[in-house]
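Trainee: I am new to this structure. Can we go through how its features get their labels?
Mentor: Yes. Ask about each label, and we will hold the value against the cut-off.

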Amino acid sequence: MAGLTTAESQATLDARFPTSGATDYVAYSTNGSSEFGGLARTAVGATNWAAATSADPSVKANTAGITSAAASSGGTVTHFAIFSASSGGTQRTDWTALSSSRTVATGDTLTWAAGALQVTLT
């Protein structure tokens, strides 16, 4: 099966994850299959997606740092996914493994450096 061209991949990512008016949220998981209740979803922000890269695969990433709210309970976060709302909503990406897991205690926050939160077409 033929894949999308780089230009079409860029256009698709930019349409689904716009650079303005976005309402996406990062959810966290301790097992890669369900959401961790100890850490609220983190808003990506209405203008925090960069334009998709001209690469194969094309990549969308955050343009600025993003920090979660304080954890209400502890756990080891191993995965993330993008959702369409702060609660409920539609899961927009598969659970994706973090490059390294992060143990959080009650009151800790998670921070995504600019460019660290990435979405690709697979």
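Trainee: What makes strand β1 and strand β5 a pair?
Mentor: This is a predicted model. In it, 5 bridges join β1, residues 25–29, to β5, residues 75–83. Pairing needs at least two bridges, so the two strands qualify. They run antiparallel. Val26 stands opposite Ile82 in β5.

Trainee: Which order do the strands of the open sheet take?
Mentor: The order is β2-β1-β5-β6, with 4 strands and antiparallel pairing.

Trainee: Why are β2 and β6 said to stand at the edges?
Mentor: Each has a single partner strand, so one side of each is left without a neighbour in the sheet. Their residues are 42–43 for β2 and 96–104 for β6.

Trainee: How many aromatic pairs does a search of the whole structure find?
Mentor: The search finds 3.

Trainee: Why is the pair of Phe80 and Trp112 called edge-to-face?
Mentor: The ring centres lie 5.0 Å apart, and the planes meet at 75°. A pair needs centres within 6.5 Å, and edge-to-face needs planes over 60 degrees apart. Both conditions hold, so the label fits. Phe80 lies in strand β5 and Trp112 in strand β7, so the pair ties together parts that are 32 residues apart in sequence.

Trainee: How do you know whether Phe80 and Trp112 are buried or exposed?
Mentor: Buried means under 20% relative accessible area. Phe80 has 5%, and Trp112 has 9%. Both count as buried.

Trainee: What makes the pair of Phe83 and Trp95 tilted?
Mentor: The planes stand at 55°, with the ring centres 6.1 Å apart. Stacked needs under 30 degrees and edge-to-face over 60. The angle fits neither, so the pair is tilted. Phe83 lies in β5, and Trp95 in the loop between β5 and β6. Phe83 is buried at 7%; Trp95 is buried at 16%.

Trainee: What sits over the ring of Phe83?
Mentor: The charged end of Arg41, 3.8 Å from the ring centre. Arg92 lies over the face of Phe17, at 4.2 Å from the ring centre.

Trainee: Why is Asn62 called buried?
Mentor: Its relative accessibility is 3%. The cut-off is under 20%, so Asn62 counts as buried. Asn62 is in the loop between β3 and β4.

Trainee: Which backbone nitrogens does the side chain of Asn62 reach?
Mentor: That of Ala116 at 3.2 Å, and that of Leu117 at 2.9 Å. A polar contact needs N or O atoms within 3.5 Å. Asn62 also touches other residues, including Asn48, Trp49 and Trp112.

Notes
Residues numbered from 1 in each chain as written. Predicted model: local features only at pLDDT ≥ 70, side-chain atom pairs only at ≥ 80, totals over all residues. Heavy atoms only, no water. Buried < 20%, exposed > 50% of the residue type's maximum accessible area, 1.4 Å probe, protein only. Polar contact = N/O pair within 3.5 Å; in protein donor to acceptor, adjacent residues only side chain to side chain. Contact = heavy atoms within 4.5 Å. Phe/Tyr/Trp six-rings, centres within 6.5 Å; stacked < 30°, edge-to-face > 60°. Lys NZ or Arg CZ within 6 Å of the ring centre and 35° of its normal. Lists of a residue's contacts leave out its neighbours within four places in sequence.
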